[in-house]
Amino acid sequence: MSISRTARRPFRLAALGAVALATALTLSACGGSPEAAPTDASAPAVEKDLAIAAVSGPNSLDPAQLVDGQQQFVWSSILDTLLAKENNTGELIPNAAESWEYNEDGTELTLQLREGMTFSTGDPVNADAVVATMLRNKATPGVVQVKYAAVADVVAEDDLTVKVEFDSFDPQFLSNLTGGAGAIGDPATMDEERTATDPVGSGPFTLDTAKTVPGSTYVLAKRDDYWNADAIPFKTFTVRVLQDPTASFNALQAGEINAATVQTQLLGQLGDEYAIQKIEAQAVAYLDILDRGGEKWPALGDQRVRQAINYAIDREGVLKGLFNGVGMVTEQIFSPYGKVYDEALNKTYEYDPEKGKELVEEAGYAGETFQIPSTFLSTTLEPTLTQAFADIGLTLEWVPVPPQQAQSAHLSGDYPLSFQFTGFNSDPADAASHYSTSGYANPRGYTDDTIDELFGVINTTVDFDAALPSYQELNAYAVEQAFEAPIVFVGGTWASRDGIVMVDDGRSSVPTVRLFGVSE
Amino acid sequence: MMISYILRRLGAGLILAVLVTFITFLLLSTSFEDVAKTILGQSATPEATAALMQTKGWDRPLIVQYFDWLAGAVQGDFGVSVYTSLPVGPTVVQRLLVTLSVIVPALLITVVVSVVLGVWAASRGGLADRISQGISLVGYIVPGLLLAIGLVVVFAVRLKWLPATGYTPFSEDPAAWARSITIPVIVLTIGGVANMAAQVRGRMIDELRRDYVRTLRTRGVSTTSIVVRHSLRNAASPALTVMSLEFIQMFGSALIIENVFALPGYGSFAFNASLQGDIPVIMGITAFGVLLVTVVNLLTDLANGWLNPKARVH
């Protein structure tokens with residue numbers, strides 16, 4: 001069996017069009033015949049200047065060092081990615097690669113590139129460019145390299161065909177091609193010093209270095225020769241790095257930017273001229289149980305204690321009190337926009353500290369103390385979690401950890417628990433990150449027969465829909481075993497003005513200029 | 001003689017910079033691996049971390065790494081940011097210029113306003129003194145952050161006279177530059193005046209009570225002449241010290257101001273580098289910071305010597 005996706009033609013990002021397209025462009029999960037292509041769209045009569053606020057600028061614009069998340073707003077404007085995600089569905093869609101196909105065991109992925117794409121220098125985007133970028137990513141220590149861990153080789157089959165060979169099937173790889181791992185660098189200039197700060201790319205914009213202040217303001221000018229220029233209704237795209245929410249709100253109100261995330265309590269100050277887009281879930285906040293096997297902290301190896309922790313947390317209270325009600329309570333970590341998520345699982349651990357206390361006592365671990373890193377992520381929730389633990393007869397001790405050591409502390413093995421915010425990637429990536437032996441959320445590499453069996457299916461089943469029951473079983477098993485204590489899906493609210501609208505409801509979760517459109 | 005003094009002071013500053021940067025480097029060296037993991041993100045494996053450490057040269061002996069950095073620094077090469085790959089030296093200078101372009105006008109206005117208020121209060125007393133002290137008190141009481149937000153809401157959001165955020169370089173558009181720094185300068189000035197006007201007032205009151213003032217008065221010298229030509233000159237020396245301290249303090253305050261107004265300045269740059277553990281940037285900022293403090297102190301001493309012959313070196 002081969003799994004394939006076939007290209008669709010450029011689509012327009014105007015608000016109404018996007019909603020229509022979201023319905024029309026649903027991709028089947030198992031490939032087969034192509035869906036109906038959207039009609040050609042013409043460019044809007046007047047292109048607008050889009051200026052948004054982001055909490056961080058890009059670390060580096062080197063294709064081997066690209067960080068996903070909000071940094072993607074800038075780099076994905078310069079460097080085109082092989083695949084993209086559909087607004088409002090989150091489905092993978094063609095971008096620079098117009099189709100893709102796995103062989104039967106998922107050890108070969110063939111990407112068919114679109115014809116006629118060029119870099120901003122005028123050089124063609126071809127298979128050699130993709131191969132050069134991928135091999136460089138594989139060889140260069142950095143953020144992207146680890147996403148090429150399963151890649152054995154990359155070869156150009158012909159001018160527009162790339163074959164990626166894997167040691168074994170990597171369920172996350174396709175989704176990664178919508179992010180840094182899928183960015184295409186210009187082989188002629190990729191190894192030059194400029195690549196980190198002003199790379200040559202084939203994306204819809206070029207960086208206006210004269211107007212850009214790195215770390216503060218990034219000004220991007222549209223390329224009219226971009227293959228999908230009609231889908232980008234913006235003459236310029238400016239990303240202002242505004243870490244302070246008040247500064248961001250003031251800039252929006254003063255008209256210095258025309259789109260920004262806004263704190264819920266400030267929404268009332270915005271008038272009718274603002275378009276509001278609420279996103280219910282963009283990350284999961286959870287208490288990670290790092291020692292799931294109880295190797296160093298036997299209490300946490302006892303399922304009853306882990307479940308007790310889940311019973312102890314007043315998720316509704318946290319959502320209302322600490323997140324202003326923006327988001328959703330959850331007892332599972334999979335994105336509510338994905339296929340693995342199961343609403344029924346959210347009734348597993350109704351807030352019941354008494355029951356939690358009984359479980360802890362029954363397990364014989366009452367009075368246990370756990371240390372946990374106190375980081376910039378956890379500060380807000382610390383009193384609540386401390387109280388939750390106290391309610392079930394356990395003690396939580398927060399140990400201050402500097403920001404640059406937060407990750408090391410989580411991975412060090414010195415702590416039994418860790419509080420985390422994690423953005424969504426894809427169902428396969430989230431499964432691997434939380435429950436595989438090499439997952440970030442599972443630094444001690446805990447596994448058992450059930451997990452092994454489920455990943456055995458997941459890691460060898462190329463068709464995601466065929467593997468879906470295993471993913472769902474893994475989710476249900478993880479919730480039942482209480483490997484983590486998920487608390488809330490953190491939401492957000494985008495406000496925009498000047499005819500700019502956000503055309504995704506959060507399901508795409510890939511921060512690019514494609515999230516924005518213009519109202520007619 | 002004077003040149004030799006200046007060179008000695010600058011030399012001492014350089015030695016201080018070497019010592020401080022060495023200690024900073026030693027302190028940072030404990031977190032090299034943490035920084036490598038932070039750069040790699042959530043998918044950092046021990047192998048990838050080790051490879052990155054090797055690429056960055058962080059697996060070499062510390063003393064070798066430090067002297068490598070020092071050798072580059074004395075030639076003006078402070079390395080590149082481990083996150084952005086931007087060269088540290090030019091970036092620090094660029095950020096410093098933004099901060100200085102806010103702080104220097106704020107300091108100049110602070111000095112002028114403080115001297116006027118302080119002298120007025122000390123020489124007139126009564127209502128003038130109460131008004132001067134009232135202004136100082138208000139400056140102390142009103143938090144700078146609150147004032148900044150209030151001014152932005154009124155002048156940027158409502159009236160749209162001034163920008164709410166951002167910075168325009170002077171070389172690009174002087175008028176836009178002036179608009180972009182107006183609110184930050186006002187906020188810094190109010191905080192500065194609150195402190196400095198009280199110091200000038202106190203010092204002037206002391207001076208005006210001295211015997212030489214009484215003597216000058218008995219000889220018919222006008223109050224204006226006594227204040228401007230004699231007392232103010234004597235009072236200027238401690239005021240200069242306060243001014244240099246105020247300058248350094250404004251650098252600290254600039255962090256808040258830069259965040260609220262999204263100015264791409266030195267404070268926010270240093271803060272973010274510290275959060276991320278961007279080792280070359282922290283080293284560069286430390287070196288520039290020490291040299292800046294050295295130069296400011298030197299200029300203060302030279303100005304003191306110019307104003308007060310007793311303070312001159314021989």
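Begin in chain B of this predicted model by selecting helix H5 (residues 88–124) and helix H10 (residues 223–261), whose axes lie 9 Å apart and which pack at an angle of about 145 degrees. View the pair where the two helices meet: the crossing of H5(B) and H10(B) is right-handed.

Next, display the side chains at this contact. On H5(B), the residues to select are Thr99(B), Val102(B), Ile103(B), Ala106(B), Leu107(B), Thr110(B), Val111(B), Val119(B) and Ser123(B). On H10(B), the partners include Thr223(B), Val227(B), Leu232(B), Met243(B), Glu246(B) and Phe247(B). Colouring the contact by residue class shows 13 nonpolar, four polar and one charged.

Now bring chain A into view and select its contact with chain B, to which chain A contributes 35 residues and chain B contributes 39 residues. Two helices of chain A, H5 (245–253) and H11 (406–411), each provide at least two residues of the side that touches chain B. H5(A) gives the most, with five residues. Coloured by class, this side of chain A comprises 14 nonpolar, 16 polar and five charged residues.

Finally, remain with chain A and colour its domains separately. Domain 1 is assigned to 3–262 + 497–518, and domain 2 to 281–491. Where do the two domains of chain A touch, and how many residues of each are in contact? Select 14 residues in domain 1 and 17 residues in domain 2 to see this contact. On the domain 1 side, six residues are nonpolar, seven are polar and one is charged. The centres of the two domains, taken over C-alpha atoms, are 31 Å apart.

Key:
Residues are numbered from 1 along each chain as its sequence is written. Chains are lettered from A and ligands numbered from 1 in the order in which they are written. This is a predicted model: local features need pLDDT of at least 70, side-chain atom pairs count only at pLDDT 80 or more; totals for chains, interfaces and linings use all residues. Domain bounds come from an automatic or database domain assignment. Two residues are in contact if their C-beta atoms, placed from the backbone, lie within 7 Å. Ala, Val, Leu, Ile, Met, Phe, Trp, Tyr, Cys and Pro count as nonpolar, Asp, Glu, Lys and Arg as charged, and the others, Gly among them, as polar. Helices (H or I, at least four residues) and strands (E, at least two) are DSSP runs, numbered from the N terminus. Axes are lines fitted to C-alpha atoms, for helices over the stretch in contact, and angles run from 0 to 180 degrees between N-to-C directions. A crossing is left-handed if the near helix is turned anticlockwise from the far one by less than a right angle, and right-handed if clockwise.
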